[in-house]
Amino acid sequence: MRPIGDVFARGHEPIAYYTRMAADDLLHWRSEFPILANSVYLVSHSLGAMPRRTRDRLDEYADTWATRGVRAWSEGWWELPRTVGDLIGRIIGAGPGEVVMHQNQSIAQATVLSAMDWRGPRNGIVTERLNFTSNLYLFHAVEREGARLVTVASDDGLTVPLDRLLAAIDETTRLVSVSHVIFKSAFIQDIAAVIRRAHDVGALVLVDLYQSAGTVPVDVRALGADFATGGSVKWLCGGPGAGYLYVRREHWGTLQPRLTGWMAHREPFAFEDRPIDYAEDAYRFLNGTPNVPALYAARSGYEIVHEIGVPAIRAKSMRQTQYLVSLADAAGIRIAGPRDVAHRGGTVTLDVPSGYAIASALAARDVIVDYRPGAGIRVAPHFYTSDEELDTFIVELTRAMAAQPARAATATTSAAY
Ligand SMILES: Cc1ncc(COP(=O)(O)O)c(C=O)c1O
């Protein structure tokens, strides 16, 4: 590891001057995010900063409940899974009414899996070993229903070989379920190629957009994705409790999720005690009462991301993650995951010894990042991040590394975020 002075001497030429040259219009958003006033917040791949106006939205929720009571359901609450889903739809390229809100991404994935018949010869699920663990647990669970799981290995634990993934998809595959951006390393997968291959052999594709929506442009309809899932906690700055599910319209009529509930019924207030008669629209993919306060809270983040536009967020993210890579290079810190900005989402993963302890030491100095075993420290600038904060981060990181006793990383848990 090099001393801090050296980091500055090398890290600031020439890319730092170049990156500071252009005025960063997006920085005016900083005042909308209170946490930025007291911390260097580089963890939007985990929990995006709360917009100031979210508090007003939560007040609005409380006022509505307090003053309108049960009438609130017919005055907007019942429609929230769709009206809030439409705000997501604008960000991921879905049409009006095509996205419905769930409590989290895992439930959304489980809903899709429960709509498939895993008996018979077309029973394959193809996924990558680096898919998010919840999803993998769900795929293993449907093995009990007859599904045959094909998990594509990664050679480096950070990326997925596209040719291996494509080769695993064949006429026995019912569903291909992949992450757009791998959560550990921010590796961007070629979703278009996966969808083409899957459709060529008659398989459907479920894409987890959690680590891309809001930082990497995605258009589910242009891609022809059959299903897409995600949540609001990260890049969308929407907070916990608001996952989403997109289902391509053409499939609505044929899919009958076993994970269901009264909200999915064509006539929910008929309270029929027979097998469900599914709604014709995307409500057929819901189950029980929606998480109303979370849906109030989530809207402000979606609105801001939409107002800025994901292409502008991505342009800034590419510039700043490259800058971060140059600072890490100057400090002699290895990048875990893609070096090529075109293959990297919004997060840069740094392979530092004792990553858990380092992330904790940084948090104690209000520099917020996180750590994932097998990957490293994950660092994520977002549209509200200044270049100066990246400088501060690298100074604090090198300082924390210098203060660590020399030993190999042994932590097996994640840092507290
Ligand atoms: C790619 C990805 N998928 C899914 C999840 C988890 O989603 P949820 O907790 O909403 O089920 C995460 C969270 O870290 C993630 O990064």
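In this predicted model, the ligand sits among Asn104, Gln105, Ser106, Phe132, Ser134, Ser179, Phe183, Asp208, Tyr210, Gln211, Gly231 and Gly243. Sorted by class, that shell comes out as eight polar, three nonpolar and one charged residues.

Zooming out, the protein splits into two domains: domain 1 is built from two stretches, 4-50 and 309-403, while domain 2 covers 78-307. Their C-alpha centres are 29 Å apart. As for who takes part in the contact, domain 1 puts in 26 residues and domain 2 puts in 25 residues. On the domain 1 side, helix α11 (residues 310-330) supplies the largest share, with five residues. The class make-up of that same side, where domain 1 touches domain 2, is ten nonpolar, 13 polar and three charged residues.

Now for the overall build. The protein has 13 helices and 13 strands. Its radius of gyration is 22 Å, and the globule rule for 417 residues also gives 22 Å, so the protein is as compact as a globular protein of that length. Laid out along the principal axes, the C-alpha atoms fill a box of roughly 70 × 55 × 35 Å. Of the 417 residues, 47% are buried. Among contacts with a separation of 6 or more, 73% join residues 24 or more positions apart.

Helix α3 (residues 53-68) makes for a quick geometry check. It has 16 residues, which at 1.5 Å a residue should span 22 Å, and the C-alpha atoms at its ends are indeed 22 Å apart, so the two values agree. Right after α3 comes Gly69, which has a positive phi, near 55°.

Finally, a closer look at one residue, Leu390, which belongs to helix α13 (residues 387-403). Is Leu390 buried or exposed? It has 24 C-beta neighbours inside 10 Å and the cut-off for a buried residue is 20 or more, so Leu390 counts as buried. Setting aside neighbours within four places in sequence, the contacts of Leu390 are Gln320, Tyr323, Leu324, Leu327 and Pro381. Leu390 also shows how the chain brings remote positions together: Tyr41 is 349 residues away in sequence, yet the C-alpha atoms of Leu390 and Tyr41 are 9.8 Å apart in space.

Methods:
Residues are numbered from 1 along each chain as its sequence is written. This is a predicted model: local features need pLDDT of at least 70, side-chain atom pairs count only at pLDDT 80 or more; totals for chains, interfaces and linings use all residues. A residue is near a molecule or strand if its C-beta atom, placed from the backbone, lies within 6 Å of it. Ala, Val, Leu, Ile, Met, Phe, Trp, Tyr, Cys and Pro count as nonpolar, Asp, Glu, Lys and Arg as charged, and the others, Gly among them, as polar. Domain bounds come from an automatic or database domain assignment. Two residues are in contact if their C-beta atoms, placed from the backbone, lie within 7 Å. Helices (H or I, at least four residues) and strands (E, at least two) are DSSP runs, numbered from the N terminus. The expected span of a helix is 1.5 Å times one less than its number of residues. The radius of gyration is taken over C-alpha atoms; the globule rule is 2.2 Å times the number of residues to the power 0.38. A residue is buried if 20 or more other C-beta atoms lie within 10 Å of its own, exposed if 12 or fewer, and partly exposed in between; C-beta atoms are placed from the backbone.
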